[in-house]
Amino acid sequence: MKLKAFNHITSIISLSIMVSSCGFQSYLPQPIEPAKVVAKLEQRANTDSDFQAYLIAQAFPADQLPISAWGENELTLSALFFHPDLNLARAQWRAAQAAQITAAQRPEIGIKGNADNHSQATDKSPWTYQFGIDIPVITAGKREARIAQAASLSEAARIEIAQAAWQVHSRVAKSLLAYQYALAQLATLNNEVDLRTSIVDMLVKRLDAGMASNIEVSNARIALQKTEQTYTTEAGRIDTLRAALANDAGLSLSKFKLLIIKPFGQTEPVTMDALQYEALLNRLDIRASLARYEAAEAKLRLEIAKQYPDMTFSPSKTLDQGDNIWSLGFSSLLTLINKNRGLIAEANSLREVQVAQFEALQAKVIGDLNQAKASYQSAIASRAKAQTLLENQQKRTEQTERQFNAGLADRLAFTTTLLENIIAKQSVLNTTYLTQVAKLNLEDVLQRPLDNRLTTPSDITSFNADSTSNKPTRTTSP
């Protein structure tokens, strides 16, 4: 009889373990190996077949592949595919999605059993067997509140992928602009060095002939030395700017040096109408802040619901020395003392924090937008003035050239006029650069391009250089 009882209990335990172990997952270690990470980053190339597939998925013209010249749009697509910042944002979103699964799970049903042996001999079995189950019941909508909280946090994480994508694009645009400006500035400085060198040579000859003073020659040499120093400094910045652009595009420097880079596109001035309304409604961080507020709301609902205790029903059957006994028990944790006041107050305070953060964010956006608009409008006016001065200088240069060809002006006067023309071009170049910077800063405040110069990604939430399937997908992006 004892053996039979032991076998009965063993069977119940074995069955419980077998049922509960169905679908178990195994632990797979994934250690981080820094050397392999470095090698992976260095191997990323624009000729990668997965990247080509990604470009086609983004509606990039197939007849333009492989890309021969790289501009803002192409480098942005490269950054969206390769840059690790997006992989980080996607991983954080996947973690938030996993939290949604956890929040939606229902509580597990428990089982329990025991066997007792009676020492007093009777004409019946000396054994008492008991088997029961615990059925938890969630009350007051706690599960729904947890689901709502996890869903809101997941939405915030999804929006932050788009925000990370915008930041990646913004860095690419600003790095490309700085790199192209430095190259253009270097070219004009090279022309300026040549012209100032010619002027110094002509003044030296005039000094030898008694037609110029030492002061004129010294001033010309000082100006030449300053220009040469500026040229050397600007030339030294090229490698740094190239490395920054390669990093922002998600490519290794060795692969990036093989690319042909297109000039940064010049765009027409944009209107300022309705920019504040768009910024306050469409900025990604504002949308993410609203999602986090919804999560705080759900958290408060959850803590209020916890005032009402959950229940656990425990039906069981007992075989007591041949007598069958059925019972139904229940248990609950009563919240009569504190009624969850502390956690409710904490959740309510967290909601107030989210409200304050949202208002502070909107106030900051308004201030940043007003400054960006003023800076952009000022830059446009400065560029227009510089362009007018250049046009007037070009007219004087043409006039001096005609006089020089007619023998009415000497070579020094003509060369000096060419130098003035170069300086006027540098002024236009500088003000154009500042205008483009101001426009990019304005776009940063709006978190969207002010024109249609970029290809809009079809999906930035799932496809990247480290995806396991490497199959481009088309879904609605934030």
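**Packing, cores and aromatic pairs in the predicted model**

Leu75 touches Trp70, Val172, Leu176, Leu245, Ala249 and Phe256, residues up to four places away in sequence not being counted. The model in which these contacts occur is a predicted one, and Leu75 belongs to its largest nonpolar core, a set of 37 residues in which Phe51, Leu55, Trp70, Leu75, Leu86, Phe256 and Ile261 touch the most other members. Two or more residues of this core are given by each of the elements H3, H4, H5, H6 and H7, and the largest share, eleven residues, comes from H6. Another core, of 16 residues, lies apart from it and has Ala279, Ile286, Leu361 and Leu369 among its members.

Leu75 is also one of the buried residues of helix H4. This helix, which spans residues 72–82, is mostly covered, with eleven of its eleven residues buried. The buried set includes polar and charged residues, among them Glu72, Asn73, Glu74, Thr76 and Ser78, as well as Leu77, Ala79, Leu80, Phe81 and Phe82. The elements against which the buried residues of H4 pack are helix H3 (49–57), helix H5 (84–104), H6, H7 and helix H8 (253–256). Two of the buried residues of H4, Phe81 and Phe82, are joined through ring pairs with Phe51, Tyr54 and Trp70 in an aromatic cluster. Phe51 and Trp70, which take part in this cluster, are also among the residues that touch the most other members of the largest nonpolar core.

The fold as a whole comprises twelve helices and four strands. Of the 478 residues in the protein, 36% are buried, and the accessible surface comes to about 27,600 Å², with 57% of this area belonging to carbon and sulfur atoms. Among contacts between residues at least 6 apart in sequence, 77% join residues at least 24 apart.

Strand pairing was found in the antiparallel sense between E1 (residues 110–117) and E2 (residues 127–137), which are joined by eight bridges; within this pairing, Asp116 stands opposite Thr128 in E2. Strand E2 pairs in addition with E3 (residues 311–320), again in the antiparallel sense and over eight bridges, and the partner of Val137 in E3 is Met311.

Eight aromatic pairs are present in the structure. In one of them, the rings of Tyr181 and Tyr433 have centres 4.2 Å apart and planes at 15°, and the pair is therefore stacked, given that planes under 30 degrees apart count as such. Because Tyr181 lies in helix H6 (residues 142–208) and Tyr433 in helix H12 (residues 411–446), this pair ties together parts that are 252 residues apart in sequence. With a relative accessible area of 16%, Tyr181 is buried, whereas Tyr433, at 22%, is partly exposed; the two fall into separate classes because the limit for burial is set at 20%. The rings of Phe404 and Phe414 form a further stacked pair, with centres 5.1 Å apart and planes at 15°. Distant parts of the chain are linked here as well, Phe404 being placed in helix H11 (residues 341–405) and Phe414 in helix H12, ten residues apart. Phe404 counts as partly exposed at 22% relative accessibility, while Phe414, with a relative accessible area of 12%, is buried.

Helix H12 also holds Asn421, a residue that counts as buried at 9% relative accessibility. With residues up to four places away in sequence left out, Asn421 touches Leu390, Gln393, Gln394 and Thr397.

Confidence in the model varies along the chain: the mean pLDDT of the protein is 83, and 85% of its residues reach 70 or more, with the lowest confidence in helix H1 (residues 2–20), at a mean of 53, and the highest in helix H7 (residues 214–248), at 94. Over residues 467–478 the pLDDT is below 50, and this stretch has 34 contacts in the model beyond near neighbours in sequence.

Key: Residues numbered from 1 in each chain as written. Predicted model: local features only at pLDDT ≥ 70, side-chain atom pairs only at ≥ 80, totals over all residues. Heavy atoms only, no water. Phe/Tyr/Trp six-rings, centres within 6.5 Å; stacked < 30°, edge-to-face > 60°. Buried < 20%, exposed > 50% of the residue type's maximum accessible area, 1.4 Å probe, protein only. Pairing = 2+ DSSP bridges. pLDDT = per-residue confidence, 0-100. Contact = heavy atoms within 4.5 Å. Areas by Shrake-Rupley, 256 points an atom, 1.4 Å probe, with all protein chains shown as cover. Core = buried A, V, L, I, M, F, W, Y, C linked by side-chain atoms within 4.5 Å.
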